[in-house]
Amino acid sequence: MAEGKGYGKCIMFNEHFVVYGIPSIVSAIGDATVATAEETESGGTQLIDSRPATPGYKEEKKEQQEDSLRRILNAMNIPLNKNLRITLKGNLYAASGVGASAASCTAIARALSQLFDMELDDNRINEIAYEGEKGYHGTPSGVDNTASTYGGMIWFVKGEPSTFDPIKIPHPIEIVMGNTGTVANTKAAVAGVQERKEKNPELYDQLFNQARNVAHDARKALESSELKEVGRLMNVNHQLLQKIEVSNNDLDTLVETARKAGAFGAKMTGGGLGGYMVALTPGQSLQEKVAKAIEKKGFSVLKTKVGV
Ligand code: PMV
């Protein structure tokens, strides 16, 4: 049986802005999706999804997942009706905002590469995962699959071609990710930004310039371990995301809750309009404290690290 892994991710800075070529900072998190693949006697290509998940997530994403798998098979020149069983598992919670779709695409590409002795390198796995992501997002920036494939903390700029550099930080940093429990539609959120940007080009240009500055300042602060400054910049980034209207009440409540409990900074993460937020909580005791405050509000959390 062949096996492959893809990391979950947390966008630390500039989701949405990244779609327009503004630099973003993303990190793999400790949690991952594992795919296994085996050839079978009959039944065509089957996908068994055994990941832990937010209620409703798998049903909501079923069609997109089928489209994604077709794209992955096509990209790997594997016939669509091949007798195969692919199983998804691992500890990454399948939910909006943690890179669940990208992690599954990377994991599937790696498992199939191993099953058919293709010996694909990470660059090719990343390209195939990007093709798979199109089934979920339409025109993804590529930030998620890059984090899922390579791991670590990454400076990512979408372009022709997209570029990315590892960001070296001295130690992994504890974070808390709070789950609104709502399954978010990234495609719709991205389309909404585009529509509003076309109506208000001047305002959006200003906001995009501010987002660019935040990314550059955040990179410096991360590289020099100025974590209070990183947190402050996350707060600024959340404000910009509110201004482009991709946050919502639950995300704002969780962000406020985390800050009140002592987080260095907090923001929504990923597509928004639901899904996850992230709080920077260096050290285990602060992580616990912030996690408890969010849980007390009735939301579930993921306690993990960035820069792993
Ligand atoms: O919804 P997620 O966690 O997959 O994140 C999407 C990130 C966006 O910047 C909103 C879209 C993209 O393609 O980068």
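Reader: What makes the pair between the ligand and the side chain of Thr186 a polar contact?

Author: An oxygen atom of the ligand is 2.6 Å from an N or O atom in the Thr186 side chain, and a polar contact is a pair of N or O atoms within 3.5 Å, so the pair counts. The model is predicted, with local features needing pLDDT of at least 70 and side-chain atom pairs pLDDT 80 or more, while totals for chains, interfaces and linings use all residues. Residues are numbered from 1 along each chain as its sequence is written, and side-chain values use heavy atoms, without hydrogens and water.

Reader: Which polar atoms of Lys9 and Gly271 lie by an oxygen atom of the ligand?

Author: For Lys9, a polar side-chain atom lies 2.7 Å from a ligand oxygen. For Gly271, a polar backbone atom is 3.1 Å from a ligand oxygen. The protein covers 96% of the 380 Å² of accessible area (Shrake-Rupley, 1.4 Å probe) that the ligand has on its own.

Reader: How many residues surround the ligand?

Author: There are 15 (a heavy atom within 4 Å), the closest being Lys9, His16, Ser141, Asp144 and Thr186. Strand E1 (2-13) and helix H4 (143-150) each supply at least two residues of this shell; strands are DSSP runs of at least two residues, helices of at least four.

Reader: Is Lys267 called buried or exposed, and why?

Author: Lys267 lies in strand E8 (residues 265-269). Its relative accessibility is 0%, so Lys267 counts as buried (under 20%; exposed is over 50%, partly exposed in between; 1.4 Å probe, protein chains only). A polar atom of the Lys267 side chain lies 3.0 Å from the backbone oxygen of Ile11. Residues touching Lys267 (heavy atoms within 4.5 Å) include Ile11, Phe13, Glu15 and Asn237.

Notes
Polar contact = N/O pair within 3.5 Å; in protein donor to acceptor, adjacent residues only side chain to side chain. Lists of a residue's contacts leave out its neighbours within four places in sequence.
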